[in-house]
Amino acid sequence: MRNFFTRRFDFERNGTTIKKEMLAGTVSFFTIVYIIAVNSLILSEAGIPVEAGIIATILASFFGCVLMGILGNAPILLVPGMGINALFVYTIVQSLGLSWQEALAVVFTSGILFSIIAFTRLSDLLSRAIPHALKEAITVGLGLFLTLIGLEKGGLVTRGENSMIALGNLGDPHVQATLLTLVITLFLFMRNVKANFLLSILFGTFIAYLFGLLDMHELKNTAFSFEPYKNVFGAMSFASMTSLAFWIAVFSLTMVLVFENIGLVHGHTAMLKQPEKYRRSLQANALSALSCAFFGTSPTVSTVESATGIAAGGRTGFTAVTAGVLFLASAFFIPVIKLIPSSAIAPILMIIGALMLQHIKNIELNDFSEWFPAFVIIVMIPFTYSIADGIAFGFILYPLLKIAVGKTKEVSVPLVTVSLLFLMNFVFHII
């Protein structure tokens with residue numbers, strides 16, 4: 001068996017060993033395991049039962065990581081993405097009015113389109129056609145949106161009448177537990193403590209217990225059952241496929257999936273100094289995103305936390321396979337995971353959002369026609385509470401400003417096509 005793995009993952013040529021890869025995979029797992037609790041909590045707001053969301057997240061992460069390991073042979077973890085799960089819940093379900101079953105059909109359709117792009121030269125064409133500033137702006141906008149969601153889940157801000165944002169009640173035990181957990185999370189993160197997010201969830205859950213926010217009697221039900229999941233697996237519905245809302249959702253999700261993952265996979269393979277693994281890694285990414293429609297969760301992405309595994313010495317897909325197996329093993333702790341309160345999750349959402357904000361430094365600020373459309377995307381995503389609408393405003397504005405200043409050569413045909421599609425989306429909304 002050892003020889004099989006050695007040959008399959010080519011440890012010698014990659015300058016690594018099984019032991020190093022397993023260690024890197026374990027480190028990667030503990031930096032991203034928080035996604036099980038966070039993603040299932042967000043999915044529950046679309047109507048997916050929390051326990052079913054936990055199982056869906058575990059299975060999608062297991063399959064994604066193993067697929068990446070075998071097909072891409074890269075130490076990149078594929079788990080349901082932060083930001084994309086917000087798009088799934090708050091835009092596709094809550095704003096566009098699709099059911100979560102119909103939203104899963106959107107995931108399937110977007111996964112098909114993403115796969116077509118990944119397995120053809122379209123990925124390179126789109127990567128070159130979309131301005132760098134707009135790609136970075138999407139990431140920053142998603143970061144601000146996640147921060148807003150974290151603030152709301154922690155009770156630090158509330159949305160009242162007419163969606164006005166107001167400061168939460170600081171005397172509320174839930175808010176106090178969130179603030180205390182946030183301080184501990186920041187300390188662990190800034191001290192670069194290993195598995196800091198996982199530890200912060202443990203501390204945050206204990207703090208919630210001290211504040212009387214948890215019912216520990218739920219732990220008595222430790223039986224593991226797939227019963228709640230049977231109505232979620234393969235439950236996608238194409239009932240709304242002929243509606244405009246469905247195709248708006250497909251377009252928006254595909255755009256975010258393609259551009260976010262192209263950037264992430266490029267970054268990870270560059271960190272590895274193995275650019276030859278880019279194409280097959282992107283293909284694994286696309287197929288994994290497609291599979292999420294069956295598992296019952298928002299699409300997987302090449303997680304940023306993969307960098308910790310690479311930094312720990314991971315060089316091959318065996319790192320990802322190791323993490324995938326650990327995800328599967330975590331299914332036996334579902335009763336414990338279900339106890340995790342939103343006050344323990346909220347600080348992580350805030351910090352991840354803040355980390356995504358760092359991408360703003362990659363936007364060129366000397367050219368108004370370049371950075372202003374990016375700025376519009378950044379502010380409109382959280383202010384409209386819609387990732388799709390926020391992206392649309394920036395993509396429509398970019399070619400208009402370039403034409404206004406006589407820089408038409410910087411506007412490609414694919415970009416104009418995408419911008420027109422976004423514009424048509426708004427026109428149909430008005431009609």
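The lining of the second largest pocket in this predicted model comprises 20 nonpolar and 2 polar residues, with no charged residues. This pocket has a volume of about 480 Å³. Its lining counts 22 residues. Leu198, Leu202, Phe333, Val336 and Ile337 lie nearest the centre. Five elements each give two or more residues to this lining: H2, helix H3 (35–44), H10, helix H14 (317–329) and helix H15 (334–339). H10 provides the largest share, 5 residues.

The largest pocket has a volume of about 1,300 Å³. It is lined by 46 residues. Those closest to the centre are Leu264, Thr303, Val304, Glu305 and His359. The lining divides into 25 nonpolar, 15 polar and 6 charged residues. H11 gives the most to this lining, with 9 residues. Other elements that supply at least two residues include helix H2 (18–32), strand S1 (78–80), helix H8 (132–153) and helix H10 (196–210). Helix H13 (306–311) and helix H16 (342–357) also supply at least two residues each. H2 and H10 thus recur: both are listed for the largest pocket, and both are listed for the second largest pocket.

The largest nonpolar core holds 111 residues. Within this core, Phe88, Ile387 and Phe395 touch the most other members. Helix H11 (residues 244–272) contributes the largest share of the core, 12 residues. A second, separate core has 9 residues, among them Ala74, Ile76, Leu78 and Leu272. The surroundings of Phe395 were examined further. Residues up to four places away in sequence aside, Phe395 touches Ile130, Leu134, Ile138, Met255, Phe259 and Ile377. On the C-terminal side of the sequence, Phe395 also touches Leu415, Val418, Ser419 and Phe422.

Cysteine pairing was considered next. The structure holds 0 disulfides. The sulfur of Cys65 has its closest cysteine sulfur in Cys292, at 11 Å, so the two are too far apart for a bond. The cut-off for a disulfide is 2.5 Å between sulfur atoms. Seen from Cys292, the closest cysteine sulfur is that of Cys65, again at 11 Å. Both sites are shielded from solvent by the accessibility criterion: Cys65 counts as buried because its relative accessibility is 0%, and Cys292 is buried with a relative accessible area of 0%.

Near the N terminus, Phe9 is found in helix H1 (residues 2–9). Its relative accessible area is 4%, so Phe9 is buried. Neighbours within four places in sequence aside, Phe9 is in contact with Asn14, Gly69 and Asn73. Further contacts of Phe9 are Thr316, Gly317, Phe318 and Val321. Phe9 and Lys409 are 400 residues apart in sequence. Their C-alpha atoms are 45 Å apart in space.

Two residues were noted for backbone geometry. Asn192 has a positive phi, near 55 degrees, and is a residue other than glycine. Asn192 lies in the loop between helix H9 (173–190) and H10. Its relative accessible area of 64% makes Asn192 exposed, the cut-off being over 50%. Lys273 is not a glycine either, yet its phi is positive, at about 60 degrees. Lys273 is placed in the loop between H11 and helix H12 (278–295). Lys273 counts as exposed because its relative accessibility is 73%.

Technical notes: Residues numbered from 1 in each chain as written. Predicted model: local features only at pLDDT ≥ 70, side-chain atom pairs only at ≥ 80, totals over all residues. Heavy atoms only, no water. Core = buried A, V, L, I, M, F, W, Y, C linked by side-chain atoms within 4.5 Å. Buried < 20%, exposed > 50% of the residue type's maximum accessible area, 1.4 Å probe, protein only. Helix = DSSP H or I, 4+ residues; strand = E, 2+ residues; numbered from the N terminus. Contact = heavy atoms within 4.5 Å. 1 Å grid on protein atoms, 1.4 Å probe; cavity = no way out; pocket = protein on both sides within 12 Å on 5 of 7 lines; lining within 4 Å. Points joined across faces, edges and corners; volume = space filled by probe spheres on them. Nonpolar A, V, L, I, M, F, W, Y, C, P; charged D, E, K, R; others polar.
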